[in-house]
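Student: I have a structure to look at today, and I would like to learn how to read it. Could you take me through it step by step?

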Amino acid sequence: MHFYSTKDPSSTVGFKDALFQGLAPDGGLYMPESIPVLSSDYFNSNLTYPELAIGMIHPFVEDNLSHAQLTDICVSAFDFPIPIIDLNESDSVLELFHGPTLAFKDFAARFMARTMSHFLENENQELTILVATSGDTGSAVANGFFGIDGINVNILYPSKRVSPIQEKQLTTLGGNITALEIDGTFDDCQRMVKDAFNDIDLRNRRPLSSANSINVARLLPQSVYFAWAWNQCGKNEAVVFSVPSGNFGNLTGGLLANRMGIPVEKFIASTNVNDVFPKYLNSGNVNNQEAVQTLSNAMDVGVPSNLERIQNLFHDNIDQIKVDISSWSFNDEETKIAIRYINDEYNYLVDPHTAVGILGLEKYRYKTHSTTKGIVLSTAHPGKFHDVLEPLVDEKITLTEQLQSAMIKEKVSHYMSNRYSDLKEFLLTT
Ligand SMILES: *Cc1c(COP(=O)(O)O)cnc(C)c1O
């Protein structure tokens, strides 16, 4: 299988190159040349999560990874539970936050780290990974790559715009992980990373790779849990997925799963007030915005990078996109009300991102009267947002052991302006 650039379909590379390059040299994003369709028997069968992952990912990577190598990677990467909680007869929550950093980004980060480490095993080369984070990517990547020989990870995060727990998770690992605290927004961080990738001079002197959702290797593992959830529901019918979205990597994984054979009535792209995508579906125009800070901070994205991939998947036909995806945006007030309501009604505590996802599903039901099985992707553990949740539900939230131990460590970060030249100088002098 080859991967082409969204900017030039004739420029293709194999999986390994797509993985290490991150962004295509022409600035486009890599997409698989074709999407294999698996049988409904396969998706209906009784598989473990790693087995399901191997079957779905192998066709994309088989030129570079044997079945046995992929098996090692998947068994070790996906070793935590992935429960589905039923809120009522029709609505369920897929808990994707049981990995080590308690957010769904662990799926992709652990897969990528193991895959890169596999390829680097026999090469005597230092690699620098650059990643921009709005909160959770950074800690998932840091955790996934921590201690891997030959890889240095630099994480750019927007100063004062991540939660205290997220910041601790980013800044307390040390070793081969460096946290760059940027005086700016997530979009600034993302731009700086993009500038670095487009800087030939830098890349000649420092081999770079990315772990952002622009990396196609993140999308592959993010398609698997959609199939898992569908399988676990055991209904053998189309379902509705609501995906709390920021950069739209998670949703793009769902679209891949759908093309591979999972029947889906509708994807709901649920956003906070950073609403470039719902506005795009309404108007047909992409108007990137300055990111606005919200309670669901991992979705505070004004320039959703995977939008380019979604357009590409649908050949830029917005009417087709609207057949498969609906999208609504919700503000912090609505998010808080949802958190309180879900806690009162179902005795179930959700983090602000998941609350936005639940609001999206409810809006869909209200608009369409659909009673189809609905699955909301729960992207973060509520404990990560205990400071927001506690006053809302009026109870004390006990942090998991992982969170408690991160909280008592001391933050170590390197403060930096949002100018690319400062990042470049840093990378060339450290
Ligand atoms: C990253 C993240 C999102 C948004 O996912 P995208 O793939 O960027 O759309 C939602 N919730 C949480 C908790 C996240 O960390």
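Tutor: Happily! Let's begin with polar contacts: a polar contact is a pair of N or O atoms within 3.5 Å; within protein, one must be able to donate a hydrogen and the other to accept it, and residues adjacent in sequence count only if both atoms are side-chain atoms. Here, a polar backbone atom of N247 is 2.8 Å from an oxygen atom of the ligand. Before we go on, note that this is a predicted model, where local features need pLDDT of at least 70, side-chain atom pairs count only at pLDDT 80 or more, and totals for chains, interfaces and linings use all residues. Residues are numbered from 1 along each chain as its sequence is written, and side-chain values use heavy atoms, with hydrogens and water left out.

Student: Which other backbone atoms lie at such a distance from an oxygen atom of the ligand?

Tutor: For F248, a polar backbone atom is 2.8 Å from a ligand oxygen, and for N250 a backbone N or O atom lies 2.9 Å from one. Taken alone, the ligand exposes 380 Å², and the protein buries 98% of that (areas from the Shrake-Rupley method with a 1.4 Å probe).

Student: Which residues come nearest to the ligand?

Tutor: A residue is near a molecule if one of its heavy atoms lies within 4 Å of it. There are 15 residues around this ligand, and K105, D136, G246, F248 and T379 come nearest.

Student: How do I read a helix, and what is there to see in α10?

Tutor: An α-helix has 3.6 residues a turn, so residues three or four places apart point the same way. Helices here are DSSP runs (H or I, at least four residues), numbered from the N terminus. Helix α10 covers residues 216–233, and 17 of its 18 residues are buried (buried means under 20% relative accessible area, exposed over 50%, partly exposed in between, with a 1.4 Å probe and protein chains only). At the start of α10, a side-chain oxygen of N215 comes within 2.9 Å of the backbone nitrogen of A217. Just after α10, G234 has a positive phi of about 60 degrees.

Student: Where is K160, and is it buried or exposed?

Tutor: K160 is in the loop between β7 (151–158) and α7 (164–171). With a relative accessible area of 69%, K160 is exposed. Its phi is near 65 degrees, a positive value in a residue other than glycine.

Student: And T294, buried or exposed?

Tutor: T294 is buried, because its relative accessible area is 12%. T294 lies in the loop between α12 (276–283) and α13 (307–313).

Technical notes: Helices (H or I, at least four residues) and strands (E, at least two) are DSSP runs, numbered from the N terminus.
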